[in-house]
Amino acid sequence: MRSIKEKQNEIVADFEAMEDDFLKYSYLVELSTILPAMDDSLKNDSNLVKGCQSHVWMDIKISDGRINFEADSDTMIIKGVLYLLKEVLSGQDVKEVYETEIDFLKKADIMAAFESGRQKGIGFIIGTLKEKARLALL
């Protein structure tokens, strides 16, 4: 399995090849359509990520020291971001998830397309994943 860093570098390279923010935004919308559907029963208050402008739900599971999660949002752009996070982090070792800086969204210049409230919300999503990994290490 490729490392988190390798996966992040691939995404950054893909986005750097896009000529402008509109293409990046369109690609995120396209990715949102292939994010696997999350069962409605998992869209509850305990899976709701606090601090996001959009509604974002994440059902995070740790099994055999690896993190996996389902996620959904009521916003297509954020669903695209969730798809990318799932591609990078699902199946990865919890220690690597906790210790690795998740910075591909910034390096790929995706974060710059969002206003500050949305950027903070994405930070809460990443923080939720890292906190779950941290707790699994205890």
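Is Leu-28 buried or exposed? Keep that question in mind while you look over the whole chain, remembering that what you have open is a predicted model.

**Start with the whole chain.** Show the protein chain as a cartoon and follow the trace from the N terminus, where the elements run α-α-β-β-α-α-α-α, which gives six helices and two strands. The radius of gyration is 14 Å, close to the 14 Å that the globule rule gives for 138 residues, so the chain is as compact as a globular protein of that length. Along the principal axes, the C-alpha atoms fill a box of roughly 45 × 30 × 25 Å. If you switch on a surface, the exposed area comes to about 7,500 Å², with carbon and sulfur atoms supplying 50% of it, while buried residues make up 44% of the 138 residues. Colouring by charge brings out 18 positive and 25 negative side chains, and the centres of these two sets lie 5 Å apart.

**Next, select Leu-28.** You will find Leu-28 in helix H2, which covers residues 21–32, and the opening question can now be settled: with a relative accessibility of 1%, Leu-28 counts as buried, because the cut-off for that term is under 20%. Leaving aside neighbours within four places in sequence, show the residues that Leu-28 contacts, namely Phe-15, Met-76, Ile-77, Gly-80, Val-81, Leu-84, Ile-110 and Phe-114. For a distance to display, take the C-alpha atoms of Leu-28 and Lys-79, which are 51 residues apart along the chain but separated by 7.8 Å.

**Then move to helix H3, residues 76–89.** Ten of the 14 residues of H3 are buried, so this helix is largely enclosed by the rest of the structure. Among the buried residues of H3 are Ile-77, Gly-80, Val-81 and Leu-84, each of which also appeared in the contact list of Leu-28. The end C-alpha atoms of H3 are 20 Å apart, in agreement with the 20 Å that its 14 residues should span at 1.5 Å a residue. Just after H3, pause at Gly-91, which takes a positive phi of about 85°.

**Finish at helix H6, residues 116–137.** This helix has 22 residues and reaches 31 Å from its first C-alpha to its last, close to the 32 Å expected. Select its buried residues, including Gly-121, Ile-122, Ile-125, Ile-126 and Leu-129, and then bring up what the buried residues of H6 pack against: strands S1 (56–63) and S2 (66–73), together with helices H3 (76–89), H4 (94–99) and H5 (104–107).

Key:
Residues are numbered from 1 along each chain as its sequence is written. This is a predicted model: local features need pLDDT of at least 70, side-chain atom pairs count only at pLDDT 80 or more; totals for chains, interfaces and linings use all residues. Side-chain values use heavy atoms; hydrogens and water are left out. Helices (H or I, at least four residues) and strands (E, at least two) are DSSP runs, numbered from the N terminus. The radius of gyration is taken over C-alpha atoms; the globule rule is 2.2 Å times the number of residues to the power 0.38. Buried means under 20% relative accessible area, exposed over 50%, partly exposed in between (1.4 Å probe, protein chains only). Accessible areas come from the Shrake-Rupley method with a 1.4 Å probe; for residues, only the protein chains shown count as cover. Lys and Arg count as positive and Asp and Glu as negative; His and the chain ends are not counted. The place of a charge is taken as NZ of Lys, CZ of Arg, CG of Asp or CD of Glu. The expected span of a helix is 1.5 Å times one less than its number of residues. Contact means heavy atoms within 4.5 Å.
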